[in-house]
Amino acid sequence: TDANLVLGRLSATHFLGGAARLDAGAAREAIARFARSIGLSPVQAAEGITRVANATMERAIRVISLERGHDPRDFALVCFGGAGAMHAADLARTLGIPRVVVPESAGALSALGLLLADFVRDYSQTLLVPVAKLDARRVEEAFRRLEARARNEFAAEGFALAKVALRRSLDLRYVGQGFELTVPMGRDFARRFHELHRRRYGYADPRRTVELVNVRLLATARTEKPRLRKHRAAGPSAKGAIIGETRMVFEGKERRAPLLDRALLRPGNAFRGPALVVEYSTTTVVPPDFRCVMDRSRTLLLDPRA
């Protein structure tokens with residue numbers, strides 16, 4: 001937080017929508033002391049801190065994308081939390097992600113997700129048998145026991161059974177492996193396992209013995225979802241949302257940048273970085289090489305400038 005404040009990626013006077021003020025002087029003193037201890041300038045130290053933070057988040061994104069066989073360049077980066085939108089553009093640039101999505105009230109997105117999430121329970125039973133020796137009746141009996149348990153538990157919680165979806169899957173692995181991959185239950189589950197193994201780990205060997213470890217059941221009771229309100233688009237000019245000017249540091253260079261109030265932005269408004277967008281629950285950093293536009297659901301979309 002101190003590093004972002006020193007670099008102008010937070011507004012000391014608009015934190016929590018202006019309800020709290022940050023001590024920029026204390027942040028500068030803390031960064032200066034740290035910088036002296038490692039022989040760097042305060043700006044170099046602050047940028048180093050943000051790079052370390054970004055690298056940690058980048059590794060986490062790689063775990064759920066590249067290490068699972070997914071190319072980040074095929075996705076958008078949806079950010080949430082109070083600090084997510086301060087780092088998202090940097091992460092997108094590093095990973096080659098073509099778009100950053102900052103939902104309205106991004107700082108409260110997790111709480112909203114909790115309220116809207118479906119009710120889900122996961123059931124499993126271990127069988128541990130080679131697929132070649134699999135007894136279909138034994139598998140079916142295991143699934144039926146899990147389904148009966150799921151129906152009883154969801155009914156006890158007041159859910160209409162007609163609204164409870166049950167999905168069968170299998171945990172499979174090559175004999176000798178210490179980890180499994182989950183594939184949907186079906187006639188071609190072995191082929192799907194080989195395909196998923198190749199996508200996840202870069203190789204597959206259909207000649208190796210495949211072992212069923214667990215039968216798995218996912219029970220879901222869906223909740224009603226609200227429809228996102230679509231707002232009428234205004235013109236592209238974002239001048240009406242500019243509430244001041246600030247100074248931001250990128251790659252060691254200080255730049256003047258507009259300070260925008262997200263509440264004053266209108267769908268269709270667009271602007272180029274550098275810019276700082278403030279609101280109650282989060283702060284959005286738009287670097288110099290990015291363009292930002294608000295869509296009709298009042299979501300901010302950040303794209304690399306052409």
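This is a short dialogue on reading burial, salt bridges and surface patches in a predicted model.

Trainee: Let's start with helix H7. Where does His-194 lie, and is His-194 buried or exposed?

Mentor: A good habit is to place a residue in its element and then look at its accessibility. His-194 sits in helix H7, which spans residues 189–201. Its relative accessibility is 14%, so His-194 counts as buried, given that buried means under 20%.

Trainee: Which residues does His-194 touch, leaving out those up to four places away in sequence?

Mentor: With those left out, His-194 touches Tyr-174, Ala-204, Asp-205, Pro-206 and Val-210.

Trainee: And what about His-197? Is that residue buried or exposed?

Mentor: His-197 also belongs to helix H7, and at 0% relative accessibility His-197 counts as buried. Its contacts beyond four places in sequence are Tyr-174, Gln-177, Phe-179, Leu-181, Gly-202, Tyr-203 and Ala-204. Take Leu-181 from that list: its C-alpha atom is 7.5 Å from that of His-197, while the two residues are 16 apart along the chain.

Trainee: Now to charges. How many salt bridges are found in the whole structure?

Mentor: The general idea is that side chains of opposite charge can pair when their charged atoms come close. A search of this whole structure finds 27 salt bridges.

Trainee: Which residue meets Lys-225 in a salt bridge, and how many residues apart in sequence are the parts that the pair ties together?

Mentor: The partner is Asp-118, with N to O at 2.5 Å. Lys-225 lies in the loop between strand E6 (210–221) and strand E7 (242–250), and Asp-118 in the loop between helix H5 (109–116) and strand E3 (119–130), so the salt bridge ties together parts that are 107 residues apart in sequence. Lys-225 is partly exposed, with a relative accessible area of 45%, and Asp-118 is partly exposed too, at 22%.

Trainee: How should I read a pair within one helix, such as Glu-140 and Arg-144?

Mentor: Look at the spacing along the sequence. Glu-140 and Arg-144 are four residues apart in helix H6 (residues 136–156), which means that about one helical turn separates them. They form a salt bridge whose closest N and O atoms are 2.9 Å apart. Glu-140 is partly exposed at 26%, whereas Arg-144 counts as exposed at 54%.

Trainee: What do we have for Arg-192?

Mentor: The side chain of Arg-192 meets that of Asp-188 in a salt bridge, at 3.6 Å from N to O. Arg-192 has 35% relative accessibility and counts as partly exposed; Asp-188 is partly exposed at 27%.

Trainee: Which residues are linked in a network of salt bridges?

Mentor: Arg-9, Asp-90, Arg-93 and Asp-289 are linked in such a network.

Trainee: Let's finish on the surface. Which residues form the positive patch?

Mentor: For a patch, list the members and then pick one to inspect. Here Lys-253, Arg-255, Arg-272, Arg-291 and Arg-305 form the positive surface patch. Arg-291 is found in strand E12 (residues 290–294) and is partly exposed, with a relative accessible area of 35%.

Trainee: And which residues make the nonpolar surface patch?

Mentor: That patch is made by Phe-34, Ile-38, Leu-40 and Ile-49, and covers about 310 Å². Leu-40 is a handy one to locate: look in the loop between helix H2 (24–38) and helix H3 (42–64). Its relative accessible area is 38%, so Leu-40 is partly exposed.

Methods. Residues are numbered from 1 along each chain as its sequence is written. This is a predicted model: local features need pLDDT of at least 70, side-chain atom pairs count only at pLDDT 80 or more; totals for chains, interfaces and linings use all residues. Side-chain values use heavy atoms; hydrogens and water are left out. Helices (H or I, at least four residues) and strands (E, at least two) are DSSP runs, numbered from the N terminus. Buried means under 20% relative accessible area, exposed over 50%, partly exposed in between (1.4 Å probe, protein chains only). Contact means heavy atoms within 4.5 Å. Patches are made of residues with over 30% relative accessible area and no salt bridge: like charges are joined within 9 Å, nonpolar side chains (Val, Leu, Ile, Met, Phe, Trp, Tyr) within 5 Å. Accessible areas come from the Shrake-Rupley method with a 1.4 Å probe; for residues, only the protein chains shown count as cover. A salt bridge is a side-chain nitrogen of Lys or Arg within 4 Å of a carboxyl oxygen of Asp or Glu. Lys and Arg count as positive and Asp and Glu as negative; His and the chain ends are not counted. The place of a charge is taken as NZ of Lys, CZ of Arg, CG of Asp or CD of Glu.
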